[in-house]
Each structure stands twice: as C-alpha cells, then as structure tokens.
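Here are my notes for your next look at this model, as numbered points. Please keep the coordinates open while you read.

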Amino acid sequence: MTQKKYVYLFSEGNKEWRNLLGGKGANLAEMTNIGLPVPAGFTITTEACNEFYAHDWQVPAQVWDEVNVALEQVEKQSEKRFGEAANPLLVSVRSGAKFSMPGMMDTVLNLGLNDETAAGLTKLTDNERFVFDAYRRFIMMFSDIVLSGDVPALSRHKFERIFDAIKQDKHVQRDTDLDAKALHEVVDRYKAHFKEATGYDFPADPKEQLKMAVEAVFRSWMNDRAILYRQKYNIPSEWGTAVNVQAMVFGNMGSDSGTGVAFTRNPATGDPHIDGEYLVNAQGEDVVAGVRTPLPVSTLETEQPAIYQQFSTIARRLENHYRDMQDIEFTVERGKLYILQCRSGKRTGAAAVKIAVDMVGEGLISKAEAVNRVSPEQLEQLLHPRLVNTEKLPAIASGLNAAPGGAVGHIALDAETAIKMKEEGKAVILVRKETNPDDLGGMLAAAGVLTQLGGRTSHAALVARQYGIPTVCGCGALRIDMHSRLVNVDDHTLEEGDVISIDGTEGKVYHGSLHTEPARVTGNFGTFMEWVDEVRKMRVRANCDTPEQAREAVELGAEGIGLCRTEHMFLGDRVRLVQTMILAETEEARESALNKLKPLQQEDFVGIFREMGERPVTIRLIDPPLHEFLPSLEELLVETTELRVREQFGPAYDEKMRMLSKVRDLHEHNPMLGLRGVRLSIYFPGIVKMQTAAIIAAACQVKKEGLDVHPEIMIPLVGIDTELREVKKDLEAVAQKSMKEEGIEVDYMFGTMIEIPRATLTADEIAKDAEFFSFGTNDLTQLTYGMSRDDAIKFLPLYIEQKLMPADPTETIDRKGVGRLMRMCIEDAQKVKPNMKLGICGEHGGDPDSVHFCHELGLDYVSCSPRRIPVARLAAAQAASQGGAERDR
C-alpha cells in the first residue's frame with residue numbers, strides 16, 4: 001500500500017490540485033511548470049493540516065521527514081544551504097487555503113536568520129543595512145505570529161513601539177532613513193524584549209524556527225478572523241490550509257529592489273490595464289499591511305522599463321493562461337524580477353461584471369462562463385447607494401478610491417467601538433490609521449471605512465472590496481489621536497461619534513451627512529443580465545406592497561409580484577378606520593367601516609396593477625392578528641390608570657376603556673399561532689370579502705384601461721383543506737359578483753401560502769382547491785423548528801459556532817428538514833395537479849443558496865425584495881448551469 005504523501009515540490013503539482021495544495025500552492029506549481037521566474041519551494045498539503053488537528057495540534061513525524069527531503073531539493077535549486085552561515089537559505093512560510101482568504105491567516109518572512117546567518121549574509125551581500133532590516137522584520141513577525149497568542153507582550157504593536165522610539169531618537173521619519181547601525185540596535189532591542197517577555201533567548205536554530213512557524217500557520221486556520229471569514233463565505237473548516245515554504249527573494253536590498261502587488265485589470269472598475277502598487281526598497285508585508293503608502297505600479301515603466309515590460313508580458317500570459325483577471329505579487333531583487341504568487345483577483349461587483357462582459361468580447365470565455373464568474377454577492381454591490389452632494393459641500397480630505405459606494409455614519413476609531421455603535425442602531429464609519437485582520441468585525445459592522453495609510457491593495461481595500469464596503473484609503477491628511485479620541489484633518493477637528501460622509505468611488509471625505517441615492521445599473525450590467533436571463537429557467541418575482549416598490553421591482557427585472565402584503569396598506573392614516581372596524585359593536589357598524597376601507601384598498605391595487613402591467617400579482621389576504629392594529633395592552637392600562645388617577649372621566653376615557661376591553665378580548669398568549677391568516681378570514685369574513693372585492697374591482701378598472709392583469713389571491717396559513725375550501729367558496733362568489741358589477745371579466749386565481757407543516761403533509765388534499773402554492777418559508781421554518789426568528793438570535797450564533805447547525809435556517813433553507821417538507825409537498829400536490837404553479841415568497845427567495853435549492857425542486861418562481869431581484873436572477877441562472885465553473889468564494 002502506497003504511503004500518503006504530505007509534501008510536494010512546486011515542480012510536482014499543477015493548478016488542478018487546489019484541494020490538496022491550496023490555491024496558492026497550486027498556482028505556484030502551475031507558474032513553475034510554465035517557466036515563470038518563481039523562487040524554489042514546496043507545499044505542505046491541506047491533508048497535513050487535518051492531520052495536525054486530528055493529532056491534538058501536533059504535526060506527524062512523517063510530515064517533518066518529508067519537509068527535510070524537500071528542503072534539500074530547494075537548497076540544490078537555489079544553491080544555498082538552510083542554516084549555513086556562509087551562504088544561507090532564508091525562506092518564507094505562508095498559508096494557502098483552497099480559496100483565497102486575504103489577510104485571514106498568517107505569514108512569516110526571512111525565516112532562517114540568526115546571528116551567524118546574518119553575519120554570513122552581510123559578508124555575502126556587502127549590505128549590512130539590508131540584512132538587519134530583514135532580521136528585525138523576522139524577529140517581529142515570528143514573535144507576533146508564532147508566540148503572541150500565548151505571550152501578548154510579543155504582539156507586533158509592542159515591537160513597533162520600540163521601532164518608533166528608535167526612529168524618534170535618531171530624528172528620522174521613514175523606516176528607510178535608519179542606517180545599518182540603527183537597525184543593529186533595533187535587532188538588539190527586539191531580542192532583549194523577547195527575552196524579557198519569555199524568559200529565554202529568541203530561537204536561533206533555523207530548523208526549530210521552521211517547525212514553529214509551520215505549526216503557527218496551521219493554527220491560524222482556527223483563528224477568530226479566519227473562522228469569521230469562513231462563516232461569511234460558507235467555507236468548510238474541514239478543508240484546512242496548506243503551507244507554502246519558499247526561498248526568500250528580497251525587495252529591500254536597495255533602490256534597485258522593491259516589491260509590489262498588481263492586478264491584470266483594475267479591481268475597482270474592471271478597466272483593462274495593469275493596476276497596482278509598488279514600494280522601492282521594501283518587503284511584501286509593507287504593501288499589504290499598508291504601513292507605507294506605495295507608488296502606482298506604472299512608475300516602474302519609467303524607473304525600470306525593462307522590468308516593467310517583463311512584468312507586463314508575464315501578466316498578460318497569466319491572464320490568458322487562467323482566463324481570468326489575476327492578482328500578482330512580485331519582488332524585484334537587484335534588478336531581477338520574481339513572481340511570488342498569482343490568484344484570481346478579488347474585485348468589486350462593478351469590476352466583476354465589466355471583466356466578465358469584456359472577456360466574452362475578447363474571446364477568452366463564453367457567455368455561460370461569464371454568468372458563473374460573477375457571484376450574487378458581487379452583483380448586490382452594484383445596488384449600493386451613492387453620495388449626492390446637492391449641498392456642494394467641499395471635501396475636507398481626499399484619498400485613494402479603494403472600494404466604491406457612498407456611506408454616511410458616525411466616526412468609530414476602533415473595531416470594538418464600531419460594533420457597539422452598530423448594536424445601538426447607528427450607522428458607522430470605521431476610521432483607522434491602517435486596518436489589520438483583527439479589525440474584520442469592525443469593518444463588517446461599518447457602513448464605510450477610512451484609513452490614513454495604505455493603498456488599493458492594503459488589507460482595508462482588499463477586505464472592503466470583497467464585502468462591498470465603501471472605503472477610502474491612504475488619506476494622508478488624517479491625524480488620528482487615539483488617546484484623545486480625535487481625528488484632525490487640516491483645519492478640522494472631529495470627535496469620535498461625529499458624522500462624516502465618504503465617497504469610495506471618488507476617494508473623498510466630507511464633514512457632515514450627505515444624501516444618498518440608489519445606484520443606477522446600466523451598460524455592462526444590462527448586457528450581463530441579458531445573458532443571465534438567457535440561462536435561467538426559474539422566474540423571479542418581487543415582494544412589493546406599494547406602487548413605488550412595484551416600479552423599482554420592474555426596473556430591476558421583476559417578472560411579477562410574488563407577495564403583496566395587504567395588511568401593510570392598513571397602516572398610517574388608515575389605522576383609525578381599521579380600529580373602528582375592529583371595535584364595531586354591530587355588523588352594520590363594521591360593514592360601514594369596511595365600506596370606507598374598500599375604495600382605499602382598491603386604489604392601492606390599481607396603482608400596483610398599473611406598474612406591473614400584464615405581469616402576475618400575488619396578493620396575500622390579511623394575515624396578522626387584529627390586535628396588531630390596536631394599542632398594546634400595557635400601553636392602554638397605563639393610559640386608563642393615569643386618567644382615573646387624575647379623575648379625567650368623559651368621552652376620551654370611555655373610548656380608551658372600550659378599546660382596552662376589545663384588546664383584552666383579542667389578547668393571545670401566542671399570537672403567531674392564534675387568530676390570524678385563514679382563521680381570521682373565517683372568524684371575521686367581512687375583511688377578506690372586502691379585500692377580494694377591492695382586488696377584483698381594481699383589476700377590472702385597469703383591464704378597462706387596456707392592461708390584461710392577472711391577480712392571484714393568496715389565502716394564508718392554511719393547514720386543513722376544509723379551511724381553504726370554505727373561504728375560497730365565499731370569496732369566489734365575491735369575485736364573480738364584482739366582475740358582474742364591473743361588466744368585465746379578469747383572469748384571477750385562488751391559491752394558498754404553504755407555511756404550516758401540516759399543509760406540506762396534506763398537500764394532496766389542499767391542492768384540490770388551490771390553483772397555486774407559494775411557500776412561506778419564514779413561518780414554515782419557525783414552525784418546523786419550533787422557534788421564533790426574533791428570539792432565535794440569542795442562540796443561533798452559538799449553535800452555528802459550535803457546529804450544531806451548518807447555517808442559520810432563517811437565512812438559508814434547511815434542506816434536510818424544511819426542504820424535505822417542501823419536496824414532499826410538491827410531489828403530493830403534483831399527483832393531484834401536475835401543472836400546479838409553485839413558488840416561494842419568504843425571505844429565502846433572495847438567498848442564493850436557497851434559490852439553488854428552489855431550482856432543484858422545480859419551482860416556477862422565487863420572490864424576494866426588489867433590491868435583491870438581480871441577485872436572485874443570477875443565482876437562478878447559476879443553478880441552471882451547474883456545469884459552469886465553480887465560483888471563487
């Protein structure tokens with residue numbers, strides 16, 4: 001039996017081995033094999049990571065044996081020796097999961113340095129400054145990544161304080177202004193701090209350094225920010241991360257050296273030109289961490305034209321090879337170019353659509369592939385609001401337009417404050433000197449992000465683009481005082497909590513609150529969505545309650561309304577009429593109130609029908625309990641008690657007491673399971689008769705105007721076939737009477753919302769009296785689980801964290817439970833009516849994973865909020881083209 005292999009040289013793999021080598025390792029192998037200048041190295045597989053966790057967080061001995069063999073091969077290829085003073089090999093140790101998770105896990109550079117190898121490297125390069133710059137970086141990174149979890153005093157920030165203090169003592173501003181002697185002092189101070197914090201000397205054995213670093217990278221798979229990222233993108237923890245060990249090349253060897261990150265197309269706009277950033281005399285961490293504001297990569301074209309030309313050729317070659325926009329990390333060491341990494345570049349929604357459309361035009365990909373190149377989350381970004389500066393306010397600062405969109409919110413100076421403000425219901429702008437992976441929670445809580453340092457490839461920019469958070473980076477005018485909790489911008493002093501507006505598209509910052517407007521989606525978006533609609537099979541409707549919402553839904557591609565909630569039409573000024581109807585003592589008084597409500601409801605439906613044209617409109621009859629239209633029991637008790645105490649008796653008091661008596665009569669211990677839906681239709685039939693008459697009269701009125709409308713009247717909360725039969729019989733009579741009075745007929749139908757588990761189990765009986773089923777998965781999920789969505793927030797996050805549930809069932813359909821009920825319901829209903837119209841109108845109708853499931857079930861349509869319609873259209877298309885490329889998470 002062949003022994004499993006855990007370590008592969010770059011020359012042994014290829015791009016198809018993502019599951020085993022991780023995305024980074026597979027791409028390094030691919031680039032090596034097509035002849036690009038990639039430093040030698042090897043990959044420790046994702047299976048080794050799983051073995052690490054299976055063996056109580058210990059790397060099996062076999063892995064170390066294979067690492068030693070691979071290391072010998074790297075020594076031969078690089079003509080250097082690991083740990084040898086005369087000609088030392090230094091390596092980087094980097095994580096690399098199957099899907100790119102930028103900034104979520106850990107990296108150690110310059111590993112292999114100690115006093116002996118530093119001395120040897122100095123003699124070899126005749127560049128002491130370079131060597132000790134690398135040495136101080138290594139001590140800081142190794143201490144922070146490998147040990148700070150157990151020893152907080154070894155965090156990066158502690159070392160940065162030492163470094164900043166030495167810069168201040170030497171009266172210099174930039175890191176590059178420190179000479180070799182000063183950097184030697186930095187290394188000595190770092191080692192002294194390390195010993196003070198731990199009680200032992202900094203590890204000097206390169207083999208021990210490597211072992212500790214590999215284990216640290218494996219551990220980082222389970223750090224908080226990596227877990228949060230995986231939860232956000234549904235990445236299974238079982239996949240693990242690979243570890244890439246690669247010979248170091250150095251961008252900090254002088255003015256003819258540098259490091260950069262570039263995209264083969266603009267990741268914010270999708271424009272087809274190389275876009276990125278470059279730092280002279282620096283290492284890669286400086287660009288990604290945003291600790292220095294870099295130069296555009298185009299500056300290489302004038303400063304090192306041969307290097308730029310070589311890089312441009314490689315960039316085009318990689319894009320054509322992978323047939324996708326690439327994110328490339330590179331280093332120039334003494335005038336020689338090295339490619340350290342390539343991957344499919346993270347991009348904004350606007351860029352994703354433009355790149356997909358352009359690549360079809362260039363013949364690189366097909367339309368079907370283009371549809372699968374844009375994720376539903378990216379498409380949703382296009383619908384973010386934009387700033388509208390009607391007040392002509394001047395910008396108080398400018399920076400780099402790192403992630404598009406406009407955002408308005410209160411300043412929060414750290415992640416913890418941002419999260420707290422969000423919980424208080426405030427919109428937040430996270431303002432930081434630079435962000436790091438630990439800020440992820442704060443960034444997700446923020447409406448926008450503003451940083452003093454960093455460029456378009458910094459951590460803040462990468463994460464913001466991925467999550468669709470409007471962001472301005474590299475805003476050099478900012479001066480953040482964390483002690484006083486102030487932000488100074490030239491002549492402006494802002495306090496934490498003040499409101500600012502940022503424009504991530506233009507890179508502008510404004511003091512105060514600007515207006516926002518929805519994005520307009522045209523051009524490439526329209527072309528892309530035409531391709532989407534060519535592929536998908538399910539229709540997409542909207543959940544709309546007003547003509548304005550219906551108009552927006554049509555603009556975004558809605559093919560009908562899947563849920564119009566009529567109870568929302570009873571709010572506002574109409575509440576008094578509804579209360580009069582509820583409080584009526586006689587049928588005559590109740591009928592009078594209903595007669596006053598009917599023309600108002602009819603007017604509402606006329607507006608909606610006109611906006612929807614000849615598209616079908618599903619209207620749900622009143623569903624919530626009547627007490628929701630009355631003041632709360634507690635409120636009335638307080639008011640009546642106060643009136644009695646003040647002896648203010650009279651008509652107002654009598655009215656309050658009458659209302660209190662009615663509220664007590666209608667009061668329920670569990671209203672969700674009480675007098676609502678079809679039960680209310682049977683108990684108070686006058687309400688739904690009035691609504692049906694209003695619907696049909698409105699449809700007749702609009703048909704007379706020349707539109708062939710198609711109302712679908714939905715009776716909610718049916719659990720027994722006799723309920724539906726009884727109510728439908730009465731309402732059919734109302735519909736026929738209304739059409740006779742109007743002198744015209746319309747195409748209408750009656751159906752029901754499937755939201756009670758019993759309805760799914762008796763679908764064959766209920767289907768006899770229904771012309772359509774629409775799954776109300778909000779209540780179906782609650783009733784299947786026996787939980788309230790509003791209260792489940794207290795425990796669902798814990799359930800997901802502890803893997804008791806794979807996902808929140810109130811957001812994504814639970815296929816095994818709720819999904820099985822839906823499948824049984826469909827199968828039984830179609831036995832009775834093979835052509836039964838089937839849809840879904842719960843919040844799940846806009847969730848991409850749930851849309852995929854609805855496609856599998858064979859539903860005719862999904863229905864969601866208007867702003868999610870493009871997302872649902874795309875998800876439906878991707879579900880229909882399962883043979884398409886697996887989309888990048």
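1. How far from Glu-66 is the nearest side chain of opposite charge, and which residue carries it? This is a predicted model, and in it the residue to check is Lys-5, at 4.7 Å from Glu-66. A salt bridge needs a nitrogen to oxygen distance within 4 Å, so Glu-66 has no salt bridge, although it is buried. I would start the tour here.

2. Staying with Glu-66, you will find it in helix H3, which covers residues 61-78. Leaving aside residues up to four places away in sequence, Glu-66 touches Lys-4, Lys-5, Tyr-6 and Val-7. Lys-5 therefore appears twice in this account: it is a contact of Glu-66, and it is also the nearest side chain of opposite charge, with no salt bridge formed.

3. Next, the salt bridges. The count comes to 45. As a general reminder, side chains of opposite charge can pair when their charged atoms come close. The next three points go through some examples.

4. Take Arg-620 with Glu-567: their closest N and O atoms are 2.4 Å apart. Arg-620 belongs to strand E28 (residues 616-620), while Glu-567 sits in the loop between strand E27 (561-565) and helix H21 (575-583), so this pair ties together parts that are 53 residues apart in sequence. Both Arg-620 and Glu-567 are buried.

5. Arg-620 also meets Asp-623 in a salt bridge, with 3.8 Å from N to O. Asp-623 has 6% relative accessibility and so counts as buried. For Arg-620 the relative accessible area is 9%, which is buried as well.

6. There is also a network to look at: salt bridges that share partners join Asp-533, Arg-536, Arg-539, Glu-559 and Arg-873. Within this network, Arg-536 forms a salt bridge with Asp-533, and their closest N and O atoms are 2.7 Å apart. Is each of these two partners buried or partly exposed? Arg-536, at 11% relative accessibility, counts as buried, whereas Asp-533 is partly exposed with a relative accessible area of 30%.

7. Now for the strands. One open sheet has five strands in the order E10-E9-E8-E11-E12, and the pairing is antiparallel. Its edge strands are E10 (295-296) and E12 (336-344), each of which pairs on one side only. Inside that order, strand E8 (residues 258-263) and strand E9 (residues 275-280) run antiparallel and are joined by six bridges. If you want a register to check, Thr-259 has Leu-279 in E9 as its bridge partner.

8. Strand E6 (residues 107-111) deserves a look of its own. Five of its five residues are buried, so the strand is largely enclosed by the rest of the structure. Strand E5 (residues 91-97) runs antiparallel to E6, and three bridges join the two. Here Arg-94 stands opposite Thr-107 in E6.

9. Finally, please turn to the surface. Which residues form a nonpolar patch there? Phe-795, Leu-798, Tyr-799 and Leu-804 do, and together they have about 350 Å² of accessible area. One of them, Tyr-799, is found in helix H32 (residues 796-801). Tyr-799 is partly exposed, its relative accessible area being 33%. Patch members need over 30% relative accessible area, so Tyr-799 at 33% passes that cut-off.

How values were computed. Residues numbered from 1 in each chain as written. Predicted model: local features only at pLDDT ≥ 70, side-chain atom pairs only at ≥ 80, totals over all residues. Heavy atoms only, no water. Helix = DSSP H or I, 4+ residues; strand = E, 2+ residues; numbered from the N terminus. Buried < 20%, exposed > 50% of the residue type's maximum accessible area, 1.4 Å probe, protein only. Lys, Arg positive; Asp, Glu negative; His and termini not counted. Contact = heavy atoms within 4.5 Å. Patch = residues over 30% accessible without salt bridge, like charges linked within 9 Å, V, L, I, M, F, W, Y side chains within 5 Å. Areas by Shrake-Rupley, 256 points an atom, 1.4 Å probe, with all protein chains shown as cover. Pairing = 2+ DSSP bridges.
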